[in-house]
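Got the viewer open and a selection box ready? Here is a walk through the model, one stop at a time.

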Amino acid sequence: MLRDAIDFVSLLDRHAMIVIALAAAALGGSAATAEAQQPLRIIAFGAHPDDCDIRAGGTAAKWAALGHKVRFVAVTNGDAGHQSEGGGALAKRRRAEAEEAGRRIGIEYIVLDNHDGELLPNLKVREEIIRQIREWNADLVLGPRPNDYHPDHRYTGVLLQDAAFMVTVPNIAPDTPALRKNPVFMYFEDGFKKPAPFQPDVAVAIDDVFEKKIDMLDAHVSQVYEWLPWLDGELEKVPKDPAARRAWLADQRSRTVSPAVKDALTKWYGAERAAKVEQAEAFEVCEYGSRPDENTLRRLFPFN
């Protein structure tokens, strides 16, 4: 009888362990499912109002359409970027343009109050960026690489590299709670070759949202129809009619997909679909943030 009782208790123990294991597995699965179902939180930094739109406007439109949360941040106010305007009046105009661009695709657009053309990678601006990333509780941070023709672009890249990891340190910018996990940091695509060429880890086909990207850029009137054409000596070529100039802008902003990006598209979408892609945006992992595996990247870029 005693042996039967001991065997019965052991049987109960085994059943209890099985139930506990199944419950734990279910909870773990639920946690993973819950994480997958939570809206992603993406923050992108450009040196000037319109920089993020140029490099990631299409991908941002895709995230927003899926219900994910996107914030674009211009690190300077753009108050030097025009041939005949400047100062506070231009900064006010460019802030309004940025906010309108964000409204057009359903994302937030923030413009920090640092002077255009005078950006330096100092502690003040680094802490501004750290606060933005923390306040947004970012899963993914995007920005330029720290090699570029424009010092504001270069220093935005340096500032983001310096903010990576520091966003998790409570004693840095202690007025804003630190993140418990370092986000994934990634670079925008660029065409610079030295000291090393851009190497895409993710490429996103944006043919289906290219018009939305143009909608965003069209809001930056002071830039795409005035300042940048003037710099290129082509201001007289910009059409006066709004519909015609928007079509001109779309033609100006069409880009040939590079061989490296085509390879990344093939990995992401398969060869058949990649061969049909005409417009794409690409991103490279920065080693200073969290180092994502392929599953994490596919969760952060949930586009088929």
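Is Val224 buried or exposed? Select Val224 and switch on a surface: Val224 is buried, at a relative accessible area of 4%, where buried means under 20%, exposed over 50% and partly exposed in between, with a 1.4 Å probe and protein chains only.

Before going further, some ground rules. This is a predicted model in which local features need pLDDT of at least 70 and side-chain atom pairs count only at pLDDT 80 or more, while totals for chains, interfaces and linings use all residues. Residues are numbered from 1 along each chain as its sequence is written, and side-chain values use heavy atoms, with hydrogens and water left out.

**Stop 1: colour by confidence**

Colour the chain by pLDDT, the predictor's confidence in each residue from 0 to 100. The mean for the protein chain is 91, with 88% of residues at 70 or more. Now select residues 1-27: pLDDT is below 50 there, and the stretch has zero contacts in the model beyond near neighbours in sequence. A contact means heavy atoms within 4.5 Å. Where pLDDT is low, the predicted coordinates should not be read in detail, so hide that stretch if you like.

**Stop 2: the whole chain**

Switch to cartoon. You should find 11 helices and seven strands; these are DSSP runs numbered from the N terminus, helices being H or I over at least four residues and strands E over at least two. Of the 304 residues, 47% are buried. Among contacts with a separation of 6 or more, 78% join residues 24 or more positions apart.

**Stop 3: around Val224**

Go back to Val224, which sits in helix α7. Leaving aside residues up to four places away in sequence, Val224 touches Leu217, Pro229, Trp248 and Leu249. Next, add Asp50: its C-alpha is 9.0 Å from that of Val224, though the two are 174 residues apart in sequence. Asp50 belongs to the loop between β1 (41-46) and α2, and counts as buried at 4% relative accessibility. Show its neighbours too: with residues up to four places away left out, Asp50 touches Arg94, Tyr109, Leu217, His220, Gln223 and Leu228.

**Stop 4: α7 against α8**

Select residues 221-231 for α7 and 242-252 for α8. The two pack at an angle of about 70°, axes 12 Å apart; axes are lines fitted to C-alpha atoms, for helices over the stretch in contact, and angles run from 0 to 180 degrees between N-to-C directions. That makes α7 roughly perpendicular to α8, a label for 65 to 115 degrees; under 35 is roughly parallel, over 145 roughly antiparallel and the rest oblique. The crossing of α7 past α8 is left-handed, meaning that the near helix is turned anticlockwise from the far one by less than a right angle, whereas clockwise would be right-handed.

For the side chains, show Val221, Val224, Tyr225 and Pro229 in α7, which meet Arg245, Arg246, Trp248 and Leu249 in α8. What covers the buried residues of α7? The cover includes α3 (87-105), α6 (210-219) and α8. After α7 comes Gly233, with a positive phi near 70°.

**Stop 5: α3 against α6**

Now take α3 and α6, whose axes come within 7 Å and cross at roughly 160°. That makes α3 roughly antiparallel to α6, and their crossing is right-handed. Residues to show in α3 include Glu97, Ala101 and Ile105, and in α6 Asp215, Met216 and Ala219 are among their partners across the pair.

**Stop 6: the cores**

Select Trp63, Phe72, Leu140, Leu142, Met186, Leu265 and Phe301, which touch the most other members of the largest nonpolar core, 57 residues in total. Such a core is a set of buried Ala, Val, Leu, Ile, Met, Phe, Trp, Tyr and Cys residues joined through side-chain atoms within 4.5 Å. Helix α2 (residues 51-65) gives the most to this core, six residues. Apart from it lies another core, of 23 residues, including Leu119, Trp136, Ala163 and Phe185.

**Stop 7: backbone oddities**

Most residues other than glycine have a negative phi, and most peptide bonds are trans. Select Lys194 and Pro195: the peptide bond between them is cis, omega near 5°. Then try Asn137, a non-glycine with a positive phi of about 50°, and finish on Phe165, also not a glycine, whose positive phi is about 75°.
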